[in-house]
Amino acid sequence: MDKNKGFIATSLIYSFFLVFIAIMVALLNNFIANKTIQERFNDDVKHVLNNERYVVTLRGTNTNIQDGVTLSNLINDSSFENGTTYWNKYNLSTAGKANCGSNKNCFQSSSAGYIYQNIHVDSGSKYYYAIKYYNTTGARQNVYIDTTSSGTIFIDESYKSSWTIASNIYESNKNSDVKMIIGNGTGLAHITEVMLINLTASFGSGNEPTKEWLDNNLEWFNGTISYLRLDKIHSGAGINVKFSPYKKNASYEISCTPSVTSKMESSNYTADNAPSGEERTYADFSISSITENITCKVDWK
């Protein structure tokens, strides 16, 4: 009996030992697995923080943006809010405002006539011009500056049933008043949101952006805006940009796409070369923890 009891005791101890070993192996495997997962997660986070880059685009009206550029659309009433009041007509008996849906007004071309505006161009300057159009009837219309040999936007037989952006670059070799012409073709097309910008005046000679860059980064606007594009922003980083609104514009509206939490902090400063005691408002605009591309419009009133 004593021998049997000893054998049983030894067997129990051995069994407990095996169970202990099994538990330790399981815990070790679990630890290794968790550590591997954690390391991979940390590596992914490090990769995002070190390699992901985002772009923030700011557009302001009635303001200057520090380190930004001033862009002016040289076309009057470029969205045809007043029909063709600000446009000259050639060989067109009627050419008024058409309601083109999507809350847009537009010019509706229908013959070989055209509309145009007179603009002044500077020698050695590059100009970006663009339109938005749709065309469902096989129309062939043209948009160009001065002559077709200087480059033309063709609205042709490739039908576009939704609003489409078309653009081109015009390089001037003279100081002169020339025409920007829309039409001079055949068939029915709808055109709106005309834009013409002197790139050399805004960015400097040799620093003008390409047509492709402008197509992807610049939206249509009326009048004059201040524009800034910040790129290569690390994931999780923030930005702080100074706005200097024009005199008497003290209130503002901010809209960002996608929607983000932003902050605007205003104070006063004395403008350079301003009369003694004259103060103007400036504001620091900030967004924290950026994790995607963002576009913000800040309109001062």
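The link of Cys256 and Cys296 is right-handed, with 110° about the S-S bond, and the sulfur atoms of the two residues lie 2.0 Å apart, a disulfide being a pair of cysteine sulfur atoms within 2.5 Å. This pair links distant parts of the chain, for Cys256 belongs to strand β16 (residues 252-257) and Cys296 to strand β19 (residues 294-300), 40 residues apart; helices (H or I, at least four residues) and strands (E, at least two) are DSSP runs, numbered from the N terminus. A search of the whole structure finds one disulfide. Cys256 counts as buried because its relative accessibility is 15%, and Cys296 counts as buried because its value is 0%, where buried means under 20% relative accessible area, exposed over 50% and partly exposed in between (1.4 Å probe, protein chains only).

This is a predicted model, in which local features need pLDDT of at least 70 and side-chain atom pairs count only at pLDDT 80 or more, while totals for chains, interfaces and linings use all residues. Residues are numbered from 1 along each chain as its sequence is written, and side-chain values use heavy atoms, with hydrogens and water left out.

A second region to follow is that around Gln141, which is placed in strand β9 (residues 140-145) and counts as buried because its relative accessibility is 0%. The side chain of Gln141 is joined to that of Ser109 by a polar contact of 3.4 Å, the term denoting a pair of N or O atoms within 3.5 Å, of which, within protein, one must be able to donate a hydrogen and the other to accept it, and residues adjacent in sequence count only if both atoms are side-chain atoms. Leaving aside residues up to four places away in sequence, the residues that Gln141 touches include Ser110, Ser111, Phe154, Gly183, Asn184 and Gly185, contact meaning heavy atoms within 4.5 Å.

Gly183, Asn184 and Gly185 are also touched by Gly113, together with Tyr90, Asn91 and Leu92, again not counting residues up to four places away in sequence. Gly113 lies in the loop between β6 (105-109) and β7 (114-121), and it counts as buried because its relative accessibility is 3%. From C-alpha to C-alpha, Gly113 and Asn184 are 5.0 Å apart in space, although 71 residues separate them in sequence.

Elsewhere in the chain, Leu27 is found in helix α1 (residues 2-51).
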